[in-house]
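Visitor: Could you take me through one part of this model closely, and then set that part within the whole chain?

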Amino acid sequence: MSWVGNIYSWGGVRSLFSAEALRWFLRYTEDGVMSSPVLYGVIILFIGMGLFVHSGLKAVVVRIIRRDRSLSGKERKSLMVSGFVSGVYSSIVAVLLWGPWNIVRGITGRFDDSPLHDGALYVLSLGIAIVSIVYAFTADYYRSDRDVVKGMSYMFSKYASYIISLVFAIQFMLAFQYSCLYRIIGMTETELNIMYYICCILPVFSRKL
């Protein structure tokens, strides 16, 4: 389509079968993949979510919601400790966000374009990871740092095929954007960004956590 569009001059469409396109892909594809906000977000969240699932905390939360069966004394104790840690962590984040000290907020004191805003995914994943680790150790499910590493890598091993699919999805969107084919169908930059995130994130929901 890009080749045909380039021949017939469809609104500035650029052919993917050209020397210019080859040079562009060799120069920018690696940077485009590694700097993808979706890839970064997936890697950061997979660490925290892996611990959440592998530690057994997710299973306990699901049991509470579904009211499948009562919790043991150790499970209740572990939930109380992890809940306390969650409250402390949330309080620290809240103080940093709304407190009198302008440590991680922007120059104007706002959350927008602040260090805390830019690192929000990291803060979220770190909080999930800490709470999950506390639960696992107090419940005697984790006994060493090796168990923690297994939990951190759990989602990567379970969803290894998604990571590979994500790389190809990012490359497809890079090629689609470079070819400018989106312009001839009336797609705006905002709609292109929405399509980018949908193509990258949607496949992960094809399999249950």
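**Helix 4 and its setting**

Guide: In this predicted model, among contacts in the protein chain between residues at least 6 apart in sequence, 67% join residues at least 24 apart. The part to look at closely is helix 4, which spans residues 57-66 and has Leu57, Val60 and Arg63 as its buried residues. Seen down the axis of helix 4, these buried residues fall within an arc of 125°, so they line one face of the helix. The general background is that an α-helix has 3.6 residues a turn, so residues three or four places apart point the same way. The buried residues of helix 4 pack against helix 3 (37-54), helix 5 (73-98) and helix 7 (120-138), whereas the face turned away from the buried side carries the exposed residues Ile65 and Arg66. Just after helix 4 comes Arg67, which takes a positive phi of about 55°.

As for the whole, the protein chain contains twelve helices and zero strands. Its radius of gyration is 22 Å, well over the 17 Å that the globule rule gives for 209 residues, so the chain is more spread out than a compact globule. Along the principal axes, the C-alpha atoms fill a box of roughly 70 × 45 × 30 Å, and 34% of the 209 residues count as buried. The accessible surface of the protein chain comes to about 13300 Å², of which 65% belongs to carbon and sulfur atoms.

Definitions and conventions
Residues numbered from 1 in each chain as written. Predicted model: local features only at pLDDT ≥ 70, side-chain atom pairs only at ≥ 80, totals over all residues. Heavy atoms only, no water. Buried < 20%, exposed > 50% of the residue type's maximum accessible area, 1.4 Å probe, protein only. Helix = DSSP H or I, 4+ residues; strand = E, 2+ residues; numbered from the N terminus. Arc of directions from axis to C-beta. Contact = heavy atoms within 4.5 Å. Rg over C-alpha atoms; globule rule 2.2 N^0.38 Å. Areas by Shrake-Rupley, 256 points an atom, 1.4 Å probe, with all protein chains shown as cover.
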